[in-house]
Every structure is written in structure tokens, then in C-alpha cells.
Amino acid sequence: MSINLTQEEIARANEKAAKKKAARDKMLATKTIEKGLLIVHTGKGKGKSTAAFGLAARAIGNDMRVGVVQYVKGKWETGERKVLEAFPDQIDIHTMGEGFTWETQDRERDIRAAEKAWEKSKEMIEASRGDNPAYDMVILDELNIVLRYDSLPLGEVIEFLKNKPEKLHVVVTGRNAKEELIEIADLVTEMTQIKHPFRSGVKAQVGIEF
């Protein structure tokens, strides 16, 4: 079934669209700053890491170089990792995590793993300074989790990220992002859970969860 519009209705719709475009063009003309962004994906809903890896794929498609540090998913072989590793000249992935806290039940081990991952993160970010940066984007996957459990000194992390290379994009994922991190971020997205199959007894699915 098609919708039939009169010429007058079409003309009004076109005029409205033209006004919207003019207003948008005027707004975009005021946006002149170019900089690397500090991006935070948080919230209880699914999709935080997925969105970050989507940004990695987009960056690779734009001939950018990407560094990834995975803080707590050391035991999971993810599908996106296999795809991204098909571009070894553009992406470096370091899986540092020893597993989630409630799996290891070893506080000291968790802290050591978090510190090792943070050192790698700082190394990759520092390598992105100057005229020949090693990376255009660095993803710190699940960093929020180790900050939530105080496995790293929050003040040190915040100060370091505040002073990241100007043109470098840094993406931080994980639920329960600290307010201090949200405060210094340029872009913060909260994933809100409406429904999840896990609550209905459905286990993690290949191609969806990993």
C-alpha cells in the first residue's frame, strides 16, 4: 500500500527538509575543533565492548592503526578478535586479563594482572605521541571493571588519561564507570539493559556474546 501525497503536501515536506538541512549546516559550520577523543562505554546493558570493537573496525577501514588491551577477558576467544587479527599491520591486541575477579578468587593475582595491563596501556598510549604515532586509537577494554574493584590507583589512571596524546582516540569500556572518568571524557554512552536472554536461562551464544 503506497501513500499518496498532494503537490502541496510534497512542497511543504520539501520546504521543511530544506530548513532542517540549512539549520544543520549552520550548526556544523561552528564545529571546527579536531582532537582525539576520550570515549567511555558503560552501563549494565550488553554492547560496550562490541561497540568499541566496531570503532576499531571503522578505524581500520580508514587506514588507522589501533591498539587494544583487554583487561579481564583473558579466557575468552572472541569472534571480533579473529576478524581484527586479519589486519596485523593495523592492529595490536594484548589480552592481559587473568579472568574475572569472581572466577579467580585471588585478589593479589587480579591486582598483578591489572597492573601489567595498565603498564601495557601506558606504553601504547605514550608511543602515540609526536609526529609518527604508533596508534590512532587505543581501546582499554574492561578497564572500568578493574577500577571498580580498586585494582589500580584511580587518581593515577585519571591523570594519565587527562594528558593523553592530543590526537589519539582512547576508548574505555566496562560497567560502573567512575564519576572521575566520566567527568574528563569527551563522549560517554551508557548501555541500558531492557531485556537479556540470560534471565530466561539462555547461555552465552556464539556470535552474540563472543
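## A six-stranded parallel sheet and its cores

In this predicted model, six strands form an open sheet with parallel pairing, in the order β3-β2-β4-β5-β1-β6. Strands are DSSP runs of E with at least two residues and helices are runs of H or I with at least four, both numbered from the N terminus, and two strands pair if DSSP finds at least two bridges between them. The edges are held by β3 (91-95) and β6 (187-190), each with a single partner strand, so one side of each has no neighbour in the sheet. From one strand to the next, the twist averages 10°, where axes are lines fitted to C-alpha atoms, for helices over the stretch in contact, and angles run from 0 to 180 degrees between N-to-C directions.

Strand β2 (residues 66-70) pairs with β3 in the parallel sense over five bridges, and G67 stands opposite D92 in β3. Helix α2 (residues 48-61) lies across β1, β2, β3, β4 and β5, and runs at about 165° to β4; contact means heavy atoms within 4.5 Å.

Two nonpolar cores are listed below, each a set of buried Ala, Val, Leu, Ile, Met, Phe, Trp, Tyr and Cys residues joined through side-chain atoms within 4.5 Å, with buried meaning under 20% relative accessible area (1.4 Å probe, protein chains only).

| Core | Size | Residues, among them |
|---|---|---|
| Largest core | 29 residues | Y71, L140, L143, L152, L161 and V172 |
| Another core | 14 residues | A59, V68, I139 and V171 |

To the largest core, α5 (107-126) gives the most, with five residues.

Residues are numbered from 1 along each chain as its sequence is written. Local features need pLDDT of at least 70 and side-chain atom pairs count only at pLDDT 80 or more, while totals for chains, interfaces and linings use all residues, and side-chain values use heavy atoms, leaving out hydrogens and water.

Conventions:
Buried means under 20% relative accessible area, exposed over 50%, partly exposed in between (1.4 Å probe, protein chains only).
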